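The exercises below are worked one step at a time. Try each task before reading its solution.

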Amino acid sequence: MILQKLLAKSPKLETRLELLELATGLMLFGFLQFHMFAVSSIILGVDAFNRDSARMDEYYLSYIGIPLIILALIVHGLVALRKAPWKIQEMRVFVQHSRRLAHLDTWAWGVQILTALIILVLAATHIWSVLVTWPIEAATSAARIQGGYFSNFVLLIVAAEIHAMVGLYRILVKWSWIHRKKFTNYLVYATIGMVGLGFLTLLVFYFRSIPKGLS
Amino acid sequence: MADRLLTFSIFRYNPITPEIPPRMQEYQLEETMGMSLFIALNRLREELDPSLMFDFVCRAAICGSCAMLINGRPGLACKTLTQDMPDRITVMPLPVFKLVGDLSVDTGVWFRHLNVRTEAWIHTDKVFNPEAIEERMDNPTAQAIYDAERCIECGCCIGACATANMRADFMGAAFLNRIARFMIDPRDERPMAQYFDVVGTDEGVFGCIGLMACDDLCPMEIPLQGQLAFVRRKMAQMALKCARCK
């Protein structure tokens, strides 16, 4: 044992950070799926979408939820970064190791890091663009998607869903709440389903002309 | 199948002659019936290249000496049959452990160091009485301990672990499995807080990022996912309720 390690070591803190990563991860997973279903109400019609949005506004769900989610995103990102291979040597070790091993779960971790970086940038622009055109209405959302944000959303939906599903899988595996091999298939179907729903929502927004007065 | 000509691409490097850089060297050998990689390596050394270094003792998956990267994946040479492999077989030494030369690595020092660090022995104040009848243990506990004890310390789980590859101070599945074994042993009187101090850290169980290559590639098929999760849950409980812990 060496002095600085002896003094700096704190199992309690390290364990709590791990639990914080777990809690924020689960929270963001839940939010993402809720969000996907909520915006997909546009498939049912403009009125359904605007009614949902107005109701969340009315009960202050947006004003409590959005700051909480932003906080969770930041905390989750910072806590998860502990494990990422930041040194160039660590990164090279990880890539070479993954290539040698040809092991799906090991590669999936690389995908986690990559999608995390995509989410970091795209979720930030997404949140920003929503907040500056507050409140959320079908017309402003459609204008955004038709006005150049389409490709951003395609990438964000794919990255977020893959990150969330692989993340959930990793949590369930680490705490051994599931049988690994059986559960993988369910998560693949769920990912395809949610990405499909996201794309459908996006296409409805893209091709539907929504006059401002309808909101 | 027995008529195949196998090509072995083998990692060569001797730390004693650092002027010769690490390289892959190719050998060819005719496959024989029931040939294992262990047999193939011995024939290569006898017939083609006496300078080839690799470890083996028991040739029966008991000693754990012949662990190496076989086509990129950790495994025991003695347990790997060439009939299950393609015509071309790449063999490299296990990562993480100190390279002795070619395919030979020193797993002993690594395991010894962690045995000391985790105090992997029974801690008890009871004085042993050789005259007394041995204390009984219930069968499920004995079975669970036995399951963990099947580990032969070959190092495959360590070589397969991304965290162990990236971070030298990570304990890896072999040790977390070993600690799980002492946690359930009724003879060990260590309080959970003492385990927490050693394994409730990023060098311990929370260094694990759950990639489960250890679980997939353990030659002894020890249920490492469950073992790691057991330690993880115990440590999480400690963090939530232990007031005295640092």
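**Exercise 1.** How many Å separate the centres of domain 1 of chain B and domain 2 of chain B, taken over C-alpha atoms?

Solution. Step 1: note what is being read. This is a predicted model, in which local features need pLDDT of at least 70, side-chain atom pairs count only at pLDDT 80 or more, and totals for chains, interfaces and linings use all residues. Residues are numbered from 1 along each chain as its sequence is written, while chains are lettered from A and ligands numbered from 1 in the order in which they are written.

Step 2: find the domains. In chain B, domain 1 covers 5–105 and domain 2 covers 118–241; such bounds come from an automatic or database domain assignment.

Step 3: take the centres over C-alpha atoms; they are 30 Å apart.

Step 4: look at where the domains touch. Domain 1 of chain B gives 15 residues to the contact and domain 2 of chain B gives 12. Two residues are in contact if their C-beta atoms, placed from the backbone, lie within 7 Å. On the domain 1 side, β3 (67–70) and β4 (73–76) of chain B are the elements giving two or more residues, and β4(B) has the largest share, 4 residues. Helices (H or I, at least four residues) and strands (E, at least two) are DSSP runs, numbered from the N terminus.

Step 5: sort that side of domain 1 of chain B by residue type: 11 nonpolar, 2 polar and 2 charged. Here Ala, Val, Leu, Ile, Met, Phe, Trp, Tyr, Cys and Pro count as nonpolar, Asp, Glu, Lys and Arg as charged, and the others, Gly among them, as polar.

**Exercise 2.** Which element supplies the largest share of the side of chain A that touches chain B?

Solution. Step 1: count the residues in the contact: 28 from chain A and 30 from chain B.

Step 2: list the helices of chain A that each supply at least two residues: α2 (11–39), α5 (88–101), α6 (104–132) and α7 (138–174).

Step 3: pick the largest share. α2(A) supplies it, with 7 residues.

Step 4: sort the chain A side by type, which gives 10 nonpolar, 6 polar and 12 charged residues.

**Exercise 3.** Which residues stand opposite Ser9(B) in β5(B) and pair with Ser9(B) in β2(B)?

Solution. Step 1: β1 (residues 5–12) and β2 (residues 23–30) of chain B run antiparallel and are joined by 8 bridges. Strands pair if DSSP finds at least two bridges between them.

Step 2: β1(B) and β5 (residues 88–92) of chain B run parallel, with 4 bridges.

Step 3: read off the partners. Ser9(B) has Glu26(B) as its bridge partner in β2(B), and Thr90(B) opposite in β5(B).

**Exercise 4.** Which element gives the most to the largest nonpolar core?

Solution. Step 1: define the core. A nonpolar core is a set of buried Ala, Val, Leu, Ile, Met, Phe, Trp, Tyr and Cys residues joined through C-beta atoms within 7 Å. A residue is buried if 20 or more other C-beta atoms lie within 10 Å of its own.

Step 2: the largest core has 85 residues, and Met68(B) and Val231(B) are among those touching the most other members.

Step 3: α7(A) gives the most to this core, 10 residues. Both domain 1 and domain 2 of chain B contribute at least three residues each.

Step 4: check one member. Beyond its neighbours within four places in sequence, Val231(B) is in contact with Leu176(B), Ile179(B), Ala180(B), Val199(B) and Val205(B).

How values were computed: A residue is buried if 20 or more other C-beta atoms lie within 10 Å of its own, exposed if 12 or fewer, and partly exposed in between; C-beta atoms are placed from the backbone.
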